[in-house]
Amino acid sequence: MADYDSPTDIEPQDAEPVSNPCSMSLTTSLKSSVLNYEYENGRRYGGAGQSKYFIPADEDESNRLDLCAHMFSLLMHGELHLAPIGPDPHRILDVGTGTGLWAMDMAEKYPSATVLGTDIAAVQPSFVPPNVEFEINDANEDWGFSAPFDFVHARYLGGAIRDWPKFVGQAYKYAKPGAWVEFMDFTMTFYTTHGAFRPGCAVDRWTEELKAALIDFGLEPEPGSKLGGWVNDAGFQNVSVKKIALPVGLWPKDRTLKEVGTINLIQFLDNLEAFSLRPMTARGWSVERINEFLREVRRDFKDPTFQMQHDGFIVYGQRPME
Ligand SMILES: C[S@@+](CC[C@H](N)C(=O)[O-])C[C@H]1O[C@@H](n2cnc3c(N)ncnc32)[C@H](O)[C@@H]1O
């Protein structure tokens with residue numbers, strides 16, 4: 001059975017007063033994979049082929065991911081993982097590694113290990129520690145690695161994975177007996193405990209539109225809350241599910257949460273168009289109409305009375321010894 005930690009809800013007294021309410025299992029060399037980019041509406045997307053991701057793979061997105069990595073580190077109190085993997089793992093896998101920061105940090109923390117980061121987009125740096133490798137590999141296909149791992153990690157893959165039970169099953173297959181897996185993911189749905197945010201406002205309609213588009217694409221938009229069930233069903237033991245609330249905005253009083261909320265707000269505001277273009281044009285929106293709508297969405301994000309938050313989940317489990 002999973003051990004469910006209590007949610008770290010942000011209480012009303014934790015909000016600062018508002019002073020100014022305004023309102024293919026394809027493994028190839030990184031070089032040849034570069035040819036796989038596609039361009040749409042002036043943005044570059046990775047992974048032409050079986051899997052297409054909804055967010056661009058370009059410099060702006062790499063900057064956003066690096067900012068998010070800092071936000072996750074704050075949420076994790078500086079830890080890179082919660083699973084008790086021991087001091088000397090040998091093989092570590094990071095699926096959907098993005099810019100590869102987590103993989104490189106793990107390689108530094110565990111010099112005993114070789115860390116493999118996989119992704120459909122070649123946005124990883126070329127100069128990396130000697131115990132880090134990056135590989136182009138579609139996580140929706142059969143993984144086909146030559147050897148199992150001591151630790152399998154996947155963070156922030158909402159909107160990327162087609163069949164999560166199969167995905168978690170592959171993590172099981174490629175974990176050594178006794179090895180750990182860890183997943184971190186989110187819900188896109190915003191809510192408030194004591195602010196002025198209401199379902200039906202522009203930002204809420206925006207997330208509903210994105211979720212509908214991802215479902216049309218055959219992708220799971222909000223894996224976070226379902227991870228615990230999938231990890232249990234795959235046969236892992238010693239499963240732990242930790243739920244955390246991520247604020248959006250500067251409203252929390254707590255210093256760390258204020259920094260998390262500030263980064264979260266910036267990464268949304270700076271990337272609204274990037275998140276929206278592919279999903280919303282697929283649902284028939286013109287670029288002009290998207291940008292007009294995003295002006296309203298932006299206003300909601302900036303409204304300090306809204307006190308919005310959404311949920312993150314960190315789930316780990318251990319493959320039984322056989
Ligand atoms: C939001 S980013 C998260 C990156 C990284 N895990 C992190 O936490 O910074 C999602 C990543 O998944 C990658 N991705 C999308 N679809 C994928 C697939 N089918 N297989 C492997 N990676 C995929 C994207 O290219 C992107 O780098």
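Helices (H or I, at least four residues) and strands (E, at least two) are taken here as DSSP runs, numbered from the N terminus. On that basis the protein, which is a predicted model, has 9 helices and 10 strands. Of its 322 residues, 43% count as buried. The points below take up the surroundings of the ligand, two helix pairs that share H9, and three individual residues.

**The shell around the ligand**

- The ligand is surrounded by 22 residues, and the closest of these are Ser-51, Gly-96, Gly-98, Ala-139 and Ala-160.
- Two elements, helix H2 (59–75) and strand S5 (114–119), give two or more residues to this shell, and H2 gives the most, with 3 residues.
- Divided by class, the shell around the ligand comprises 12 nonpolar, 7 polar and 3 charged residues.

**Helix H8 against helix H9**

- The axes of helix H8 (residues 272–282) and helix H9 (residues 287–302) come within 10 Å of each other and cross at roughly 135°, and H8 is therefore oblique to H9.
- The crossing in which H8 passes H9 is right-handed.
- On the H8 side the contact is formed by Leu-272, Glu-273, Ser-276, Leu-277, Met-280 and Thr-281, which meet Val-287, Ile-290, Asn-291, Leu-294, Val-297 and Arg-298 in H9.
- The residues of this contact of H8 with H9 divide into 7 nonpolar, 3 polar and 2 charged.

**Helix H5 against helix H9**

- Helix H5 (residues 202–216) packs with H9 at an angle of about 120°, the two axes being 7 Å apart; because oblique covers the angles left over once those under 35 degrees, those over 145 and those from 65 to 115 are set aside, H5 is oblique to H9.
- The crossing of H5 and H9 is left-handed, whereas H8 passes H9 in a right-handed crossing.
- Ala-202, Val-203 and Trp-206 in H5 meet Glu-296, Val-297, Asp-300 and Phe-301 in H9, and by class this contact of H5 with H9 has 5 nonpolar, no polar and 2 charged residues.
- Val-297 of H9 is listed among the residues that meet H5, and Val-297 is likewise listed among those that meet H8.

**Gly-261 in helix H7**

- Gly-261 lies in helix H7 (residues 255–269) and counts as buried because 23 C-beta neighbours fall inside 10 Å, where 20 or more are required.
- When residues up to four places away in sequence are left out, Gly-261 touches Pro-247, Val-248, Gly-249, Leu-250, Trp-251 and Pro-252.
- One of these partners, Trp-251, is 10 residues from Gly-261 in sequence and 7.5 Å from Gly-261 in space, taken from C-alpha to C-alpha.

**Positive phi outside glycine**

- Asn-238, although it is not a glycine, has a positive phi of about 50°, and this residue lies in strand S9 (residues 237–248).
- With 14 other C-beta atoms within 10 Å, Asn-238 is partly exposed, since that class lies between the exposed limit of 12 or fewer and the buried limit of 20 or more.
- Gln-307, also a residue other than glycine, has a positive phi near 45° and lies in the loop between H9 and strand S10 (308–318).
- Gln-307 is buried, with 25 other C-beta atoms within 10 Å, whereas Asn-238 is partly exposed.

Technical notes: Residues are numbered from 1 along each chain as its sequence is written. This is a predicted model: local features need pLDDT of at least 70, side-chain atom pairs count only at pLDDT 80 or more; totals for chains, interfaces and linings use all residues. Two residues are in contact if their C-beta atoms, placed from the backbone, lie within 7 Å. A residue is near a molecule or strand if its C-beta atom, placed from the backbone, lies within 6 Å of it. Ala, Val, Leu, Ile, Met, Phe, Trp, Tyr, Cys and Pro count as nonpolar, Asp, Glu, Lys and Arg as charged, and the others, Gly among them, as polar. Axes are lines fitted to C-alpha atoms, for helices over the stretch in contact, and angles run from 0 to 180 degrees between N-to-C directions. A crossing is left-handed if the near helix is turned anticlockwise from the far one by less than a right angle, and right-handed if clockwise.
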